[in-house]
Amino acid sequence: MPSTQLTDPILTTNAERELLIRLKSGDTDAYNTLYDRYSLFFYQRIRSLVKIDTIAQDILQDVFIKIWDRRAQIQEDKSFKSYLYRIAQNEVYDHYRRVSLDHKAQEEITMHMGFSFQDDTILHKEVQEHIDLAIQQLPPKQRLIFELCKIEGKTYKEASEILQISESTVNAQIVSATKKVKLYLSNSGIWSLLLLSILK
């Protein structure tokens, strides 16, 4: 788990340089100090990209494992934060490259994204257009139910009251609509677009 010590790490240049020199020599205390300083900051940013807590934690651990394994290559006179950014970016890239080849992983991420279109950290304009098109392919009544629950955030009960239908009908329509949207996104190459958006 990431440390909860800081959300935006601030170290003086001299203090960070000293820690990096110690880290390069194999000092685990220096490593742990840097982890405590930076882990939450980078976890939050990775989490905003991959959307799933467990995946974000795994990627964060991979980032810091690489820091330890490559400690001899660290340049103490350069920004450690920028170095971490590059490693984290590469790890997220690798994650989405794997996802682009894994249908089950695609479904899991789609589910955790929850079709919450307000957050455009990853979903850039082109991706958003594909999602909009996928929703437009739904039958009118199903589309209305989907938009109420998945976009406007209504509960199944609220949607059932608005449309004067049963909650079980709302649930059945959401299940069907979600499958159709996922299929449309998969067929449209949406995962390649997501991967490209990570690299921008």
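What follows is a conversation about the helices of a predicted model and two of its residues.

Reader: Before the details, how many helices and strands does the protein have?

Author: This is a predicted model, and the protein in it has ten helices and zero strands. Read from the N terminus on, the elements therefore run α-α-α-α-α-α-α-α-α-α.

Reader: And what share of the residues count as buried?

Author: Of the 200 residues of the protein, 38% count as buried. As for the surface, the protein exposes about 11200 Å², and carbon and sulfur atoms supply 49% of that area.

Reader: What about contacts between residues at least 6 apart in sequence, how many of those join residues at least 24 apart?

Author: Among the contacts in the protein between residues at least 6 apart in sequence, 69% join residues that are at least 24 apart.

Reader: Let's go to the N-terminal part; at what angle do H1 and H2 pack?

Author: Helix H1, residues 13-24, and helix H2, residues 28-50, pack at an angle of about 130 degrees, and their axes are 8 Å apart. That angle makes H1 oblique to H2, and the crossing of the two helices is left-handed.

Reader: Which residues make that contact?

Author: On the H1 side they are Glu16, Leu19, Leu20, Arg22 and Leu23, and on the H2 side Asp29, Ala30, Tyr31, Thr33, Leu34 and Tyr38. Sorted by class, the contact of H1 with H2 has seven nonpolar residues, one polar residue and three charged residues.

Reader: H2 also packs with H3, so what are the angle and the axis distance there?

Author: H2 and helix H3, which spans residues 53-69, pack at an angle of about 145 degrees with their axes 9 Å apart. H2 passes H3 in a right-handed crossing, and the residues in contact include Phe42, Tyr43 and Ile46 of H2 as well as Phe64, Ile65 and Trp68 of H3.

Reader: How many of the residues in that contact are nonpolar, polar or charged?

Author: The contact of H2 with H3 has 16 nonpolar, four polar and two charged residues.

Reader: Changing topic, is the crossing of H7 and H8 left-handed or right-handed?

Author: The crossing of H7 and H8 is right-handed. Helix H7 covers residues 140-151 and helix H8 covers residues 156-163, and the two pack at an angle of about 140 degrees with axes 9 Å apart, which makes H7 oblique to H8.

Reader: Which residues sit in that contact, and of what class are they?

Author: H7 contributes Leu144, Ile145, Leu148 and Cys149, while H8 contributes Tyr156, Ala159, Ile162 and Leu163. By class, the contact of H7 with H8 has eight nonpolar residues, with no polar and no charged ones.

Reader: Serine 160 caught my eye; where does it lie, and is it buried or exposed?

Author: Serine 160 lies in helix H8, and it counts as buried because its relative accessible area of 8% is under the 20% cut-off. Not counting residues up to four places away in sequence, serine 160 touches Ile165, Ser166, Glu167 and Val170.

Reader: Then where is isoleucine 165 placed, and what is it in contact with?

Author: Isoleucine 165 is in the loop between H8 and helix H9, residues 167-187. Leaving aside neighbours within four places in sequence, isoleucine 165 is in contact with Lys141, Ile145, Ser160 and Val170.

Reader: Why does isoleucine 165 count as buried?

Author: Isoleucine 165 has a relative accessible area of 18%, and buried means under 20%, so this loop residue counts as buried.

Technical notes: Residues numbered from 1 in each chain as written. Predicted model: local features only at pLDDT ≥ 70, side-chain atom pairs only at ≥ 80, totals over all residues. Heavy atoms only, no water. Axes fitted to C-alpha atoms, helices over the stretch in contact; angles between N-to-C directions. Helix = DSSP H or I, 4+ residues; strand = E, 2+ residues; numbered from the N terminus. Parallel < 35°, antiparallel > 145°, perpendicular 65-115°, else oblique. Left-handed = near helix turned anticlockwise from the far one by under 90°. Contact = heavy atoms within 4.5 Å. Nonpolar A, V, L, I, M, F, W, Y, C, P; charged D, E, K, R; others polar. Buried < 20%, exposed > 50% of the residue type's maximum accessible area, 1.4 Å probe, protein only. Areas by Shrake-Rupley, 256 points an atom, 1.4 Å probe, with all protein chains shown as cover.
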